[in-house]
Amino acid sequence: MSNLYWLSEAQMERLRPYFPKARGRARVDDRRVLSGIIFINRNGLRWCDAPAEYGPPKTLYNRWKRWSDMGVFARILMGLAEQAPDNKTISIPSHRNCVSTAGQWMPPTSKHIVRPPACG
């Protein structure tokens, strides 16, 4: 039995309206790449430790970085939260969130994410 995470086709249909339009060369399979990004983040792995089924780690990182910088993931979360009937059903646990000494939540800053760690 595989422990890999795969977005369903129904989930992909809900997410597609938030994707940026592809320009030039066609993007690689969005489902495979997004599933890989979610798998990496949920398990706290380095990009280079991504299972081969998700494709090259560099592809996963580049998509995550580019779409993060463009605000795509923020738009997805905001859009899904607006669709939730009670606005309490969207929850993304993350080990990357920080807590200040005053105990208040602080989002990570860009200085925390410079480039993927070297592997090997």
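**Fold, core and second largest pocket**

Along the sequence, the protein runs in the order α-α-α-α-β-β, with four helices and two strands (DSSP runs, numbered from the N terminus: helices H or I of at least four residues, strands E of at least two). The model is predicted, with local features needing pLDDT of at least 70 and side-chain atom pairs pLDDT 80 or more, while totals for chains, interfaces and linings use all residues. Residues are numbered from 1 along each chain as its sequence is written, and side-chain values use heavy atoms, without hydrogens or water.

Of the 120 residues, 26% are buried (under 20% relative accessible area, 1.4 Å probe, protein chains only). Contacts (heavy atoms within 4.5 Å) with a separation of 6 or more come to 55% from residues 24 or more positions apart.

Turning to the interior, the largest nonpolar core (buried Ala, Val, Leu, Ile, Met, Phe, Trp, Tyr and Cys joined through side-chain atoms within 4.5 Å) holds 20 residues, and Leu 15, Phe 19, Leu 34, Ile 37, Trp 47, Leu 60 and Ile 76 have the most contacts inside it. At least two core residues come from each of helix 1 (9-15), helix 2 (30-43), helix 3 (57-70) and helix 4 (72-83); helix 2 gives the largest share, five residues. Beyond its neighbours within four places in sequence, Phe 19 touches Met 12, Arg 27, Asp 30, Leu 34, Trp 67 and Ile 76.

Arg 27 also features in the second largest pocket: among its 15 lining residues, Arg 23, Arg 25, Arg 27, Arg 63 and Arg 66 are the closest to the centre. A pocket here is an open set of points on a 1 Å grid over the protein atoms alone where a 1.4 Å probe fits, with protein on both sides within 12 Å along at least five of seven lines, and lining residues have an atom within 4 Å of a point.

Notes:
Buried means under 20% relative accessible area, exposed over 50%, partly exposed in between (1.4 Å probe, protein chains only).
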